[in-house]
Amino acid sequence: MVMSMRPVRSRSNFQQQQHGPPCVAPSSSATLLPLGTPTNQQQQQSSRKKRFGVANIPALIQNTISNMRRLDYWKSLLLPENYDASTIRRLTLRAIVWITGLTLAWYVWHQHVGSYERTRPWKAAPIISVERTCPRPTYETLADQSSDIKPTTTRTTDAALPAASQIICMTTFTDEKKRATAQKLYGWRSFDGMLDITWKNKQSYANKHGYQLFDESNQVDKSRPPGWSKVPAVRRLFKEENCTWVFFLDADTVIMDSARKLEEFIPTDPTKHLVMAPDKTMKNGYNSGAWFLRNSEWSLDLLEKWWSKTWHVRQVGISKSGDQAGLNACLKGVFAENGQGLAPKQCNFNSFAAIVDPKEYPDHEVHFKQKEYFLSEYYYHKGDFLMHAAGVDNKEVVVREFLELAT
């Protein structure tokens, strides 16, 4: 009888199967760390926390500022050899994405705000029914003398003017037909249709008193914001139409008292060439929305200097053109006692429209005497010669309200 024998497992073999191989004694080259000693990875993390911790923020700022003061720091940022090709491609792509995103975000914001401003409702302040005395010019004017002005009016730029001892011309324009692309895309303040709305008012006034009236919209220079085209417009009238005096007025102006004559503002002194009203929004400045200029060498020289002030040309598309700042840069000493210009009070021929939000109108109706515009020489009151809707983006609603009051 054959007996089967099972292998007998020793105690050590049994423990090895249950608990794995026995521990290997460390070699003589290995270093045993005391319990609780941090590893290399933990040390790196701790070092990083110390470098970027709150306590080290002042040191980081000081180090950054000291680096930024070094010229070689900025040079190193601009040198292509300090970057590999992949880094340059990555930075370029990020720059393109950021610039595109910021441009789109700015454009959406700009259009949103512009749309609101162009349609924002306004209402004339209660002073439109309040009379206030406006100081008349202190100098002698043509109204004090008899004038020989032959009546004729035209809106075409090639109309032939009759020969006369005094040819007083009126002119205005808009950029509606020759607007630059940037002006169409980004412009807030729109003069679209403004000349069609106010032209009848200006034409009726010119017909009544025998002044020349010209639409100089064809003189708009698209390389600059539209306000600068006042220069070529007036210059053309001097050289081609032989106007003795030119009264330029913006398209957003309304003749409120047609019984008044331009001769009331034009001086007889042959040494005076410019008549312009102060601008309340500018310190010691003058408004280019309504002004008189004599046909003379001095005036032509002024127009050339004005046009040369390219530093003041604003970016096409924003509300302001910069033409007024450019003109004021040419007027140093002009309105001095012995200068070539005269500056009567603004209420004479360039009264600004005082407007309020319709929601706030009830308060203004009750307390208008406490408001800044009450009896002010800068704002239109009943009886003023002209209203100018200056600084308003939604011009149509303002101009139409004043047209109903014009006489």
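1. Asn242 is exposed, with a relative accessible area of 51% (exposed means over 50%, buried under 20%, partly exposed in between, with a 1.4 Å probe and protein chains only). Asn242 lies in the loop between α8 (230-240) and β4. Helices (H or I, at least four residues) and strands (E, at least two) are DSSP runs, numbered from the N terminus. Phi of Asn242 is near 55 degrees, a positive value in a residue other than glycine.

2. A word on the basis. This is a predicted model, where local features need pLDDT of at least 70, side-chain atom pairs count only at pLDDT 80 or more, and totals for chains, interfaces and linings use all residues. Residues are numbered from 1 along each chain as its sequence is written, and side-chain values use heavy atoms, with hydrogens and water left out.

3. Leu375 also has a positive phi, near 60 degrees, and is not a glycine. Its place is the loop between α11 (361-367) and β11. Leu375 is partly exposed, at a relative accessible area of 45%.

4. One open sheet has 6 strands in the order β3-β2-β4-β7-β6-β8, and its pairing is mixed (two strands pair if DSSP finds at least two bridges between them). The edges are β3 (212-215) and β8 (341-342); each has a single partner strand, so one side of each lacks a neighbour in the sheet. Strand β2 (residues 168-172) runs parallel to β3, joined by 4 bridges. Thr171 has Phe214 of β3 as its bridge partner.

5. Which strands does α7 touch on this sheet? Helix α7 packs against β2, β3 and β4 (245-249), and its direction makes about 165 degrees with that of β3. Contact means heavy atoms within 4.5 Å. Axes are lines fitted to C-alpha atoms, for helices over the stretch in contact, and angles run from 0 to 180 degrees between N-to-C directions. Helix α9 (residues 297-307) packs on the sheet too, touching β6 (274-278) and β7 (286-294), at about 150 degrees to the direction of β7.

6. Another open sheet holds 3 strands, ordered β5-β11-β9, with mixed pairing. Its edge strands, β5 (253-255) and β9 (351-352), each pair on one side only. Strands β9 and β11 (residues 386-388) run parallel and share 2 bridges. Phe352 stands opposite His388 in β11.

7. Helix α12 (residues 395-403) has Lys395, Val398, Val399 and Phe402 buried. These residues sit on the same side of α12, because they cover an arc of only 95 degrees around the axis (the arc is that of the directions from the helix axis to the C-beta atoms). The buried residues of α12 pack against β1 (123-124), α7 (194-209), β5, β10 (355-356) and β11.
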